[in-house]
Amino acid sequence: MAEERLGGTIVIEGGHPLRGSVSVSGSKNATMGAMAAALLVAEDCTLENVPDIGDVLHMAEVMRSLGAAVERLTPHSLRINAANLHSWSPPTELVGNLRGSFLVMGALLARLGQAACSPPGGDVIGQRPIDVHLAGFAALGARVSREGEKFVAQADGLKGASIFADYPSVLGTQNLMLAAATARGHTTIVNAAAEPEVQSLAAMLNGMGARICGAGTHAVEIDGVEGLRGASYRIVPDRLEAGTFAIAAAITQGEAEILAVCSEHLLSLLAKLREAGVRVEVDGDRLHVCGGGELRAVTIQALPYPGLATDLQAPMAVLLTQAHGVSYVHERVFDNRLLYVSELRKMGAEVVTTGTTTAIISGPTPLMGASVRALDVRAGAALILAGLAARGRTEIADIYHVDRGYERIDEKLCSLGAVIERV
Ligand code: EPU
(Lines give C-alpha, C1' and ligand atoms only; values in the text may rest on other atoms or scores of the structure.)
Protein backbone atom coordinates (compact mmCIF):
# COMPACT_ATOMS: atom_id res chain seq x y z
CA MET A 1 0.00 0.00 0.00
CA ALA A 2 1.50 3.29 -1.03
CA GLU A 3 1.81 5.64 1.95
CA GLU A 4 -0.03 8.44 0.08
CA ARG A 5 -3.13 6.24 -0.37
CA LEU A 6 -3.68 6.06 3.35
CA GLY A 7 -6.33 8.03 5.09
CA GLY A 8 -8.45 10.94 4.03
CA THR A 9 -12.22 11.07 4.06
CA ILE A 10 -14.57 8.85 2.19
CA VAL A 11 -17.83 10.04 0.82
CA ILE A 12 -20.61 7.54 0.27
CA GLU A 13 -23.83 8.01 -1.63
CA GLY A 14 -26.05 5.49 0.09
CA GLY A 15 -28.91 3.38 -1.11
CA HIS A 16 -27.27 1.17 -3.73
CA PRO A 17 -27.76 -2.59 -3.20
CA LEU A 18 -24.45 -4.43 -3.50
CA ARG A 19 -24.30 -7.06 -6.22
CA GLY A 20 -21.52 -9.24 -7.58
CA SER A 21 -18.50 -10.92 -6.08
CA VAL A 22 -15.55 -9.78 -4.04
CA SER A 23 -12.43 -11.57 -2.74
CA VAL A 24 -11.28 -11.42 0.81
CA SER A 25 -7.63 -10.57 1.57
CA GLY A 26 -5.32 -12.29 4.02
CA SER A 27 -5.95 -11.77 7.72
CA LYS A 28 -4.47 -8.64 9.30
CA ASN A 29 -4.11 -10.19 12.72
CA ALA A 30 -2.66 -13.49 11.44
CA THR A 31 -0.09 -11.51 9.47
CA MET A 32 1.14 -9.80 12.63
CA GLY A 33 1.97 -13.15 14.23
CA ALA A 34 3.57 -14.53 11.08
CA MET A 35 5.81 -11.47 10.69
CA ALA A 36 6.92 -11.69 14.33
CA ALA A 37 7.67 -15.42 13.90
CA ALA A 38 10.18 -14.58 11.17
CA LEU A 39 12.29 -12.88 13.86
CA LEU A 40 12.97 -16.29 15.38
CA VAL A 41 15.35 -17.41 12.60
CA ALA A 42 18.31 -16.17 10.60
CA GLU A 43 16.89 -17.64 7.39
CA ASP A 44 14.39 -16.26 4.89
CA CYS A 45 10.68 -16.54 5.67
CA THR A 46 8.25 -15.89 2.86
CA LEU A 47 4.66 -14.90 3.52
CA GLU A 48 1.98 -15.17 0.84
CA ASN A 49 -1.51 -13.65 0.79
CA VAL A 50 -0.33 -10.74 2.92
CA PRO A 51 -2.94 -7.98 2.97
CA ASP A 52 -1.89 -4.62 1.56
CA ILE A 53 -2.89 -2.59 4.62
CA GLY A 54 -1.52 0.05 6.95
CA ASP A 55 -0.72 -2.28 9.85
CA VAL A 56 1.55 -4.42 7.67
CA LEU A 57 3.53 -1.28 6.80
CA HIS A 58 3.71 -0.36 10.48
CA MET A 59 4.82 -3.84 11.53
CA ALA A 60 7.45 -3.86 8.78
CA GLU A 61 8.84 -0.60 10.19
CA VAL A 62 9.06 -2.13 13.66
CA MET A 63 10.89 -5.18 12.25
CA ARG A 64 13.30 -3.04 10.21
CA SER A 65 14.13 -0.98 13.29
CA LEU A 66 15.46 -4.23 14.80
CA GLY A 67 17.62 -5.02 11.77
CA ALA A 68 15.30 -7.38 9.89
CA ALA A 69 15.12 -7.04 6.12
CA VAL A 70 11.48 -6.89 5.03
CA GLU A 71 11.03 -6.93 1.30
CA ARG A 72 7.81 -6.88 -0.68
CA LEU A 73 8.14 -9.48 -3.45
CA THR A 74 4.71 -8.83 -4.96
CA PRO A 75 1.83 -6.67 -3.71
CA HIS A 76 0.76 -9.63 -1.54
CA SER A 77 3.95 -11.40 -0.56
CA LEU A 78 6.79 -10.51 1.74
CA ARG A 79 10.26 -11.92 2.29
CA ILE A 80 11.65 -11.38 5.76
CA ASN A 81 15.21 -12.07 6.79
CA ALA A 82 16.23 -11.51 10.39
CA ALA A 83 19.85 -12.73 10.09
CA ASN A 84 21.29 -9.39 11.15
CA LEU A 85 19.27 -8.22 14.11
CA HIS A 86 21.05 -5.31 15.80
CA SER A 87 18.49 -4.24 18.36
CA TRP A 88 16.26 -5.87 20.95
CA SER A 89 14.30 -2.73 21.70
CA PRO A 90 12.11 -1.16 19.00
CA PRO A 91 11.50 2.61 19.20
CA THR A 92 8.46 3.62 21.23
CA GLU A 93 6.96 5.71 18.43
CA LEU A 94 6.88 2.69 16.09
CA VAL A 95 5.51 0.30 18.72
CA GLY A 96 2.80 2.85 19.46
CA ASN A 97 1.41 2.60 15.93
CA LEU A 98 -0.17 -0.81 16.42
CA ARG A 99 -1.04 -3.43 18.99
CA GLY A 100 0.57 -6.36 17.13
CA SER A 101 4.00 -4.74 17.56
CA PHE A 102 4.19 -6.23 21.06
CA LEU A 103 4.63 -9.68 19.50
CA VAL A 104 8.27 -8.85 18.81
CA MET A 105 8.78 -9.19 22.56
CA GLY A 106 8.27 -12.98 22.68
CA ALA A 107 10.25 -13.54 19.49
CA LEU A 108 13.23 -11.38 20.54
CA LEU A 109 13.30 -12.91 24.01
CA ALA A 110 13.55 -16.38 22.46
CA ARG A 111 16.05 -15.42 19.78
CA LEU A 112 18.32 -12.96 21.62
CA GLY A 113 17.62 -13.66 25.29
CA GLN A 114 16.36 -10.13 25.83
CA ALA A 115 13.67 -7.79 24.64
CA ALA A 116 12.35 -4.38 25.63
CA CYS A 117 9.20 -2.78 24.40
CA SER A 118 6.96 0.08 25.47
CA PRO A 119 3.23 -0.58 25.86
CA PRO A 120 1.85 -1.14 22.38
CA GLY A 121 -0.61 1.13 20.59
CA GLY A 122 -3.80 0.03 18.94
CA ASP A 123 -7.43 0.99 19.02
CA VAL A 124 -8.99 2.83 21.94
CA ILE A 125 -11.55 0.21 22.91
CA GLY A 126 -11.01 -0.21 26.64
CA GLN A 127 -8.32 -1.32 29.00
CA ARG A 128 -5.78 -3.45 27.25
CA PRO A 129 -3.38 -4.79 29.88
CA ILE A 130 -0.44 -7.05 29.00
CA ASP A 131 -0.14 -8.93 32.26
CA VAL A 132 -0.83 -12.29 30.56
CA HIS A 133 2.20 -11.75 28.31
CA LEU A 134 4.49 -10.62 31.11
CA ALA A 135 3.44 -13.27 33.64
CA GLY A 136 3.96 -15.92 30.95
CA PHE A 137 7.47 -14.69 30.13
CA ALA A 138 8.28 -14.81 33.85
CA ALA A 139 6.90 -18.35 34.11
CA LEU A 140 9.24 -19.33 31.26
CA GLY A 141 12.14 -18.11 33.39
CA ALA A 142 12.58 -14.54 32.18
CA ARG A 143 13.36 -11.66 34.52
CA VAL A 144 10.69 -9.10 33.76
CA SER A 145 11.08 -5.50 34.83
CA ARG A 146 10.02 -2.01 33.89
CA GLU A 147 12.65 0.51 32.83
CA GLY A 148 11.11 3.89 32.20
CA GLU A 149 8.34 3.42 29.69
CA LYS A 150 9.59 0.03 28.51
CA PHE A 151 8.94 -3.49 29.72
CA VAL A 152 12.15 -5.50 29.74
CA ALA A 153 12.44 -9.29 29.69
CA GLN A 154 15.78 -11.09 29.95
CA ALA A 155 16.67 -14.76 30.24
CA ASP A 156 19.69 -17.01 30.03
CA GLY A 157 17.71 -19.64 28.16
CA LEU A 158 13.96 -20.02 28.56
CA LYS A 159 12.56 -23.14 30.23
CA GLY A 160 9.23 -24.80 29.44
CA ALA A 161 6.55 -24.26 32.08
CA SER A 162 2.93 -24.80 32.90
CA ILE A 163 1.22 -21.46 32.41
CA PHE A 164 -2.31 -20.53 33.36
CA ALA A 165 -3.40 -17.41 31.48
CA ASP A 166 -5.67 -15.15 33.54
CA TYR A 167 -7.58 -14.29 30.37
CA PRO A 168 -7.54 -16.04 26.97
CA SER A 169 -5.68 -13.12 25.39
CA VAL A 170 -5.05 -13.52 21.66
CA LEU A 171 -1.76 -11.65 21.47
CA GLY A 172 -0.81 -12.96 24.92
CA THR A 173 -1.17 -16.57 23.74
CA GLN A 174 0.74 -15.80 20.54
CA ASN A 175 3.56 -14.07 22.42
CA LEU A 176 3.96 -17.07 24.72
CA MET A 177 3.96 -19.48 21.77
CA LEU A 178 6.73 -17.43 20.14
CA ALA A 179 8.75 -17.44 23.36
CA ALA A 180 8.17 -21.12 24.18
CA ALA A 181 8.75 -22.66 20.74
CA THR A 182 12.49 -22.97 21.44
CA ALA A 183 12.38 -23.08 25.25
CA ARG A 184 13.96 -26.11 26.91
CA GLY A 185 11.30 -28.73 27.69
CA HIS A 186 7.53 -28.73 27.60
CA THR A 187 5.17 -25.77 27.93
CA THR A 188 1.44 -25.88 28.49
CA ILE A 189 -0.67 -22.75 28.12
CA VAL A 190 -4.00 -23.32 29.85
CA ASN A 191 -6.85 -20.88 29.19
CA ALA A 192 -5.16 -20.08 25.89
CA ALA A 193 -7.03 -18.07 23.26
CA ALA A 194 -8.51 -20.31 20.56
CA GLU A 195 -8.88 -17.69 17.80
CA PRO A 196 -8.00 -18.69 14.22
CA GLU A 197 -5.07 -16.24 14.38
CA VAL A 198 -3.58 -18.35 17.18
CA GLN A 199 -4.09 -21.48 15.08
CA SER A 200 -2.48 -19.72 12.16
CA LEU A 201 0.63 -18.81 14.16
CA ALA A 202 0.93 -22.41 15.39
CA ALA A 203 0.78 -23.61 11.77
CA MET A 204 3.49 -21.15 10.71
CA LEU A 205 5.73 -22.10 13.66
CA ASN A 206 5.21 -25.82 13.03
CA GLY A 207 6.22 -25.19 9.41
CA MET A 208 9.43 -23.69 10.82
CA GLY A 209 10.07 -26.88 12.82
CA ALA A 210 8.26 -26.13 16.09
CA ARG A 211 6.20 -28.79 17.88
CA ILE A 212 2.96 -27.15 18.94
CA CYS A 213 -0.38 -28.85 19.31
CA GLY A 214 -3.74 -27.90 20.73
CA ALA A 215 -3.90 -24.48 19.05
CA GLY A 216 -7.59 -23.74 18.55
CA THR A 217 -8.41 -25.22 21.96
CA HIS A 218 -7.87 -23.66 25.37
CA ALA A 219 -4.81 -25.80 26.13
CA VAL A 220 -1.81 -25.30 23.87
CA GLU A 221 1.05 -27.78 24.27
CA ILE A 222 4.53 -26.90 23.10
CA ASP A 223 7.54 -29.19 23.01
CA GLY A 224 10.49 -26.86 22.80
CA VAL A 225 12.87 -27.56 19.90
CA GLU A 226 16.56 -26.66 19.64
CA GLY A 227 16.25 -24.60 16.51
CA LEU A 228 13.80 -23.43 13.90
CA ARG A 229 14.27 -22.88 10.17
CA GLY A 230 12.92 -20.43 7.62
CA ALA A 231 9.61 -21.30 5.97
CA SER A 232 7.00 -20.19 3.51
CA TYR A 233 3.53 -19.57 4.86
CA ARG A 234 0.23 -18.54 3.31
CA ILE A 235 -1.81 -16.19 5.49
CA VAL A 236 -5.36 -17.39 6.21
CA PRO A 237 -8.33 -15.38 4.87
CA ASP A 238 -9.45 -12.42 6.97
CA ARG A 239 -12.61 -13.53 8.76
CA LEU A 240 -13.34 -9.97 9.84
CA GLU A 241 -13.18 -8.55 6.32
CA ALA A 242 -15.36 -11.45 5.12
CA GLY A 243 -17.87 -10.73 7.87
CA THR A 244 -17.89 -7.02 7.04
CA PHE A 245 -18.70 -7.75 3.37
CA ALA A 246 -21.42 -10.22 4.36
CA ILE A 247 -23.06 -7.54 6.50
CA ALA A 248 -22.62 -4.98 3.70
CA ALA A 249 -24.57 -7.20 1.29
CA ALA A 250 -27.29 -7.74 3.89
CA ILE A 251 -27.68 -4.12 4.97
CA THR A 252 -27.99 -2.85 1.39
CA GLN A 253 -30.55 -5.56 0.61
CA GLY A 254 -28.18 -6.80 -2.04
CA GLU A 255 -26.86 -10.16 -3.08
CA ALA A 256 -23.15 -10.87 -3.07
CA GLU A 257 -20.71 -13.70 -3.37
CA ILE A 258 -17.76 -13.40 -1.02
CA LEU A 259 -14.79 -15.38 -2.29
CA ALA A 260 -11.70 -16.90 -0.68
CA VAL A 261 -13.22 -17.18 2.79
CA CYS A 262 -12.74 -19.77 5.50
CA SER A 263 -16.37 -20.28 6.54
CA GLU A 264 -15.33 -22.43 9.52
CA HIS A 265 -13.99 -19.25 11.13
CA LEU A 266 -17.35 -17.50 10.69
CA LEU A 267 -19.81 -19.90 12.30
CA SER A 268 -20.99 -17.52 15.02
CA LEU A 269 -21.54 -14.66 12.57
CA LEU A 270 -23.37 -16.83 10.04
CA ALA A 271 -25.66 -18.20 12.75
CA LYS A 272 -26.55 -14.66 13.89
CA LEU A 273 -27.09 -13.40 10.35
CA ARG A 274 -29.48 -16.28 9.69
CA GLU A 275 -31.29 -15.68 12.98
CA ALA A 276 -31.74 -12.06 11.91
CA GLY A 277 -33.29 -13.17 8.63
CA VAL A 278 -30.37 -12.91 6.20
CA ARG A 279 -30.03 -15.76 3.72
CA VAL A 280 -26.48 -17.12 3.76
CA GLU A 281 -25.17 -20.16 1.94
CA VAL A 282 -21.72 -21.64 2.11
CA ASP A 283 -20.18 -23.34 -0.89
CA GLY A 284 -16.59 -24.36 -0.18
CA ASP A 285 -14.63 -21.14 0.16
CA ARG A 286 -17.51 -18.95 -1.03
CA LEU A 287 -20.27 -17.27 0.91
CA HIS A 288 -23.45 -16.35 -0.86
CA VAL A 289 -25.30 -13.63 1.04
CA CYS A 290 -28.74 -12.46 0.09
CA GLY A 291 -30.38 -9.53 1.87
CA GLY A 292 -33.77 -8.21 0.94
CA GLY A 293 -35.98 -10.09 3.38
CA GLU A 294 -37.31 -8.45 6.54
CA LEU A 295 -34.64 -8.31 9.24
CA ARG A 296 -35.51 -9.43 12.78
CA ALA A 297 -34.08 -8.02 16.01
CA VAL A 298 -31.64 -10.35 17.77
CA THR A 299 -29.38 -10.35 20.83
CA ILE A 300 -25.67 -10.51 20.13
CA GLN A 301 -22.78 -11.06 22.51
CA ALA A 302 -19.17 -10.44 21.54
CA LEU A 303 -17.13 -13.21 23.13
CA PRO A 304 -13.79 -14.95 22.77
CA TYR A 305 -13.71 -17.41 19.84
CA PRO A 306 -15.74 -19.33 18.80
CA GLY A 307 -18.21 -16.72 20.07
CA LEU A 308 -19.08 -13.76 17.90
CA ALA A 309 -15.91 -11.73 17.26
CA THR A 310 -15.72 -8.44 19.13
CA ASP A 311 -14.34 -7.00 15.89
CA LEU A 312 -17.72 -7.66 14.24
CA GLN A 313 -19.79 -6.24 17.09
CA ALA A 314 -20.00 -2.70 15.67
CA PRO A 315 -20.75 -3.85 12.10
CA MET A 316 -23.51 -6.14 13.41
CA ALA A 317 -24.95 -3.32 15.52
CA VAL A 318 -25.30 -1.21 12.38
CA LEU A 319 -27.17 -4.03 10.65
CA LEU A 320 -29.51 -4.28 13.64
CA THR A 321 -30.58 -0.64 13.22
CA GLN A 322 -32.47 -2.02 10.18
CA ALA A 323 -34.06 -4.95 12.03
CA HIS A 324 -37.65 -4.97 13.27
CA GLY A 325 -37.84 -4.85 17.06
CA VAL A 326 -35.40 -4.26 19.89
CA SER A 327 -31.93 -5.75 19.63
CA TYR A 328 -29.45 -6.09 22.48
CA VAL A 329 -25.72 -5.86 21.86
CA HIS A 330 -23.43 -7.02 24.67
CA GLU A 331 -19.71 -6.43 24.32
CA ARG A 332 -18.03 -8.94 26.63
CA VAL A 333 -14.41 -8.79 25.47
CA PHE A 334 -13.44 -5.12 25.77
CA ASP A 335 -14.80 -2.69 28.32
CA ASN A 336 -15.27 0.36 26.09
CA ARG A 337 -16.05 -0.70 22.53
CA LEU A 338 -19.33 1.16 21.98
CA LEU A 339 -17.85 4.60 21.31
CA TYR A 340 -19.07 4.44 17.71
CA VAL A 341 -22.68 4.66 18.95
CA SER A 342 -22.50 8.46 19.20
CA GLU A 343 -21.47 8.65 15.52
CA LEU A 344 -24.23 6.23 14.54
CA ARG A 345 -26.81 8.36 16.34
CA LYS A 346 -25.83 11.32 14.12
CA MET A 347 -27.13 9.21 11.24
CA GLY A 348 -30.50 8.68 12.90
CA ALA A 349 -29.98 5.35 14.65
CA GLU A 350 -32.01 4.81 17.80
CA VAL A 351 -29.46 3.36 20.18
CA VAL A 352 -29.17 3.72 23.92
CA THR A 353 -26.28 2.40 25.92
CA THR A 354 -26.34 1.16 29.47
CA GLY A 355 -22.85 1.46 30.87
CA THR A 356 -20.05 0.98 28.36
CA THR A 357 -20.79 -2.55 27.26
CA THR A 358 -24.48 -2.84 26.36
CA ALA A 359 -26.33 -1.13 23.54
CA ILE A 360 -30.06 -1.38 22.96
CA ILE A 361 -31.11 -0.75 19.39
CA SER A 362 -34.66 -0.05 18.26
CA GLY A 363 -35.39 -0.62 14.63
CA PRO A 364 -35.86 -0.27 11.89
CA THR A 365 -34.80 3.37 11.66
CA PRO A 366 -34.02 4.94 8.31
CA LEU A 367 -30.40 6.09 8.39
CA MET A 368 -29.54 9.49 6.96
CA GLY A 369 -26.25 10.66 5.50
CA ALA A 370 -24.14 12.71 7.94
CA SER A 371 -20.55 13.78 8.65
CA VAL A 372 -18.99 11.29 11.03
CA ARG A 373 -15.56 10.10 12.12
CA ALA A 374 -13.93 6.66 12.11
CA LEU A 375 -12.79 6.16 15.71
CA ASP A 376 -10.99 2.86 15.15
CA VAL A 377 -10.65 0.23 12.44
CA ARG A 378 -13.89 -1.67 13.07
CA ALA A 379 -15.91 1.37 14.19
CA GLY A 380 -14.87 2.99 10.91
CA ALA A 381 -15.93 -0.06 8.91
CA ALA A 382 -19.26 -0.03 10.75
CA LEU A 383 -19.86 3.59 9.72
CA ILE A 384 -19.09 2.69 6.11
CA LEU A 385 -21.84 0.06 6.37
CA ALA A 386 -24.19 2.67 7.80
CA GLY A 387 -23.29 5.03 4.93
CA LEU A 388 -24.08 2.33 2.36
CA ALA A 389 -27.55 1.90 3.85
CA ALA A 390 -28.24 5.60 4.49
CA ARG A 391 -30.28 7.95 2.41
CA GLY A 392 -28.04 10.69 0.96
CA ARG A 393 -24.39 11.48 1.43
CA THR A 394 -22.22 10.30 4.32
CA GLU A 395 -18.74 11.69 4.90
CA ILE A 396 -16.45 9.60 7.09
CA ALA A 397 -13.24 11.29 8.25
CA ASP A 398 -10.08 9.65 9.64
CA ILE A 399 -10.26 6.72 7.25
CA TYR A 400 -6.61 5.90 8.02
CA HIS A 401 -8.02 3.83 10.90
CA VAL A 402 -9.93 1.65 8.43
CA ASP A 403 -6.94 1.43 6.07
CA ARG A 404 -4.94 -0.08 8.92
CA GLY A 405 -7.01 -3.23 8.65
CA TYR A 406 -8.95 -3.33 5.36
CA GLU A 407 -7.31 -3.49 1.96
CA ARG A 408 -8.81 -0.84 -0.36
CA ILE A 409 -12.24 -1.20 1.21
CA ASP A 410 -13.60 1.66 -0.91
CA GLU A 411 -12.47 0.07 -4.19
CA LYS A 412 -13.74 -3.37 -3.20
CA LEU A 413 -17.17 -2.00 -2.28
CA CYS A 414 -17.31 0.05 -5.49
CA SER A 415 -16.68 -3.15 -7.45
CA LEU A 416 -19.93 -4.41 -5.88
CA GLY A 417 -21.85 -1.32 -7.02
CA ALA A 418 -21.38 0.99 -4.03
CA VAL A 419 -20.90 4.68 -4.82
CA ILE A 420 -17.89 5.76 -2.77
CA GLU A 421 -15.24 8.38 -3.36
CA ARG A 422 -12.07 9.03 -1.38
CA VAL A 423 -11.16 12.68 -1.02
N1 EPU B 1 -6.62 -8.90 28.66
C2 EPU B 1 -6.21 -9.06 29.95
N3 EPU B 1 -4.87 -9.26 30.19
C4 EPU B 1 -3.97 -9.30 29.19
C5 EPU B 1 -4.39 -9.14 27.88
C6 EPU B 1 -5.74 -8.94 27.63
O7 EPU B 1 -7.01 -9.01 30.87
O8 EPU B 1 -2.78 -9.45 29.48
C9 EPU B 1 -8.04 -8.67 28.37
C10 EPU B 1 -8.27 -7.30 27.75
O11 EPU B 1 -8.43 -6.30 28.73
C12 EPU B 1 -9.50 -7.50 26.91
C13 EPU B 1 -9.43 -8.97 26.55
O14 EPU B 1 -8.43 -9.55 27.36
O15 EPU B 1 -10.62 -7.26 27.70
C16 EPU B 1 -9.10 -9.27 25.11
O17 EPU B 1 -7.82 -8.81 24.79
P18 EPU B 1 -6.82 -9.64 23.90
O19 EPU B 1 -5.48 -9.58 24.57
O20 EPU B 1 -7.36 -10.96 23.54
O21 EPU B 1 -6.79 -8.72 22.62
P22 EPU B 1 -5.49 -8.42 21.78
O23 EPU B 1 -4.73 -9.67 21.69
O24 EPU B 1 -4.82 -7.20 22.27
C25 EPU B 1 -6.41 -9.10 19.45
C26 EPU B 1 -6.68 -8.43 18.13
C27 EPU B 1 -7.87 -7.50 18.27
C28 EPU B 1 -9.09 -8.33 18.73
C29 EPU B 1 -8.75 -9.03 20.06
C30 EPU B 1 -9.84 -9.94 20.56
C31 EPU B 1 -4.49 -8.27 17.10
C32 EPU B 1 -3.39 -7.40 16.61
N33 EPU B 1 -5.50 -7.66 17.72
O34 EPU B 1 -6.11 -8.05 20.37
O35 EPU B 1 -8.13 -7.00 16.97
O36 EPU B 1 -10.17 -7.48 18.94
O37 EPU B 1 -7.57 -9.83 19.88
O38 EPU B 1 -10.16 -10.90 19.62
O39 EPU B 1 -4.45 -9.47 16.91
C40 EPU B 1 -8.92 -5.48 15.38
O41 EPU B 1 -8.41 -6.20 14.51
O42 EPU B 1 -9.69 -4.54 15.11
C43 EPU B 1 -8.58 -5.73 16.79
C44 EPU B 1 -8.76 -4.83 17.73
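## A four-stranded open sheet

Let's start with an open sheet of four strands, ordered 9-10-12-11 and with mixed pairing. Its edges are strand 9 (162-164) and strand 11 (211-213), each of which pairs on one side only. From one strand to the next, the twist averages 15 degrees. Please keep in mind as you read that this is a predicted model.

At one edge of this sheet, strand 9 runs parallel to strand 10 (residues 186-190), and the two are paired over three bridges. If you would like a spot to look at, find Ile-163, which stands opposite Ile-189 in strand 10. As a general reminder, strands of a sheet pair through backbone hydrogen bonds, in either the parallel or the antiparallel sense.

## Strand 8 and its two partners

Strand 8 (residues 150-154) is mostly covered, with four of its five residues buried. It has an antiparallel partner in strand 6 (residues 114-117), joined to it by four bridges. Within that pairing, Gln-114 has Gln-154 of strand 8 as its bridge partner.

Strand 7 (residues 143-147) also pairs with strand 8 in the antiparallel sense, here over five bridges. Arg-146 stands opposite Phe-151 in strand 8. Strand 7 and strand 8 form a hairpin with two residues between the strands, and in this hairpin Gly-148 takes a positive phi near 60 degrees.

## Strand 1, paired with strands 22 and 23

Now for a strand close to the start of the numbering. Strand 1 (residues 10-13) is joined by four bridges to strand 23 (residues 419-422), and the two run antiparallel. Here Ile-10 stands opposite Arg-422.

Strand 1 also runs antiparallel to strand 22 (residues 393-397), again with four bridges. In this pairing, the bridge partner of Glu-13 is Arg-393 of strand 22.

## Two nonpolar cores

The largest nonpolar core has 76 residues, and those with the most contacts inside it are Met-35, Leu-39, Met-177, Leu-205 and Met-208. A second, separate core has 72 residues, including Ile-12, Leu-270, Val-298 and Leu-388. In general, nonpolar side chains tend to be buried together in soluble globular proteins.

Leu-205 is a good residue to inspect in the largest core. Leaving out residues up to four places away in sequence, Leu-205 touches Ala-37, Leu-40, Met-177, Leu-178, Ala-210, Ile-212 and Leu-228.

## Helices 10 and 12

How do helix 10 and helix 12 lie relative to each other? The axes of helix 10 (residues 313-320) and helix 12 (residues 377-389) cross at roughly 20 degrees and come within 8 Å. Angles under 35 degrees count as roughly parallel, so helix 10 and helix 12 are roughly parallel to each other. Their crossing is right-handed.

On the helix 10 side, the residues that meet helix 12 are Ala-314, Pro-315 and Val-318; on the helix 12 side are Arg-378, Ala-379, Ala-382, Leu-385 and Ala-386.

## Glu-275 in helix 9

Is Glu-275, a residue of helix 9 (residues 267-275), buried or exposed? The answer lies in between: Glu-275 counts as partly exposed because its relative accessibility is 40%, and that class runs between the limits of 20% and 50%.

Setting aside neighbours within four places in sequence, Glu-275 is in contact with Arg-296 and Val-298. Val-298 is one of the residues of the second core. Leu-367, by contrast, is 92 residues from Glu-275 along the chain, with their C-alpha atoms separated by 22 Å.

Notes: Residues are numbered from 1 along each chain as its sequence is written. This is a predicted model: local features need pLDDT of at least 70, side-chain atom pairs count only at pLDDT 80 or more; totals for chains, interfaces and linings use all residues. Side-chain values use heavy atoms; hydrogens and water are left out. Buried means under 20% relative accessible area, exposed over 50%, partly exposed in between (1.4 Å probe, protein chains only). Contact means heavy atoms within 4.5 Å. Two strands pair if DSSP finds at least two bridges between them. A nonpolar core is a set of buried Ala, Val, Leu, Ile, Met, Phe, Trp, Tyr and Cys residues joined through side-chain atoms within 4.5 Å. Axes are lines fitted to C-alpha atoms, for helices over the stretch in contact, and angles run from 0 to 180 degrees between N-to-C directions. Angles under 35 degrees count as roughly parallel, over 145 as roughly antiparallel, 65 to 115 as roughly perpendicular and the rest as oblique. A crossing is left-handed if the near helix is turned anticlockwise from the far one by less than a right angle, and right-handed if clockwise.
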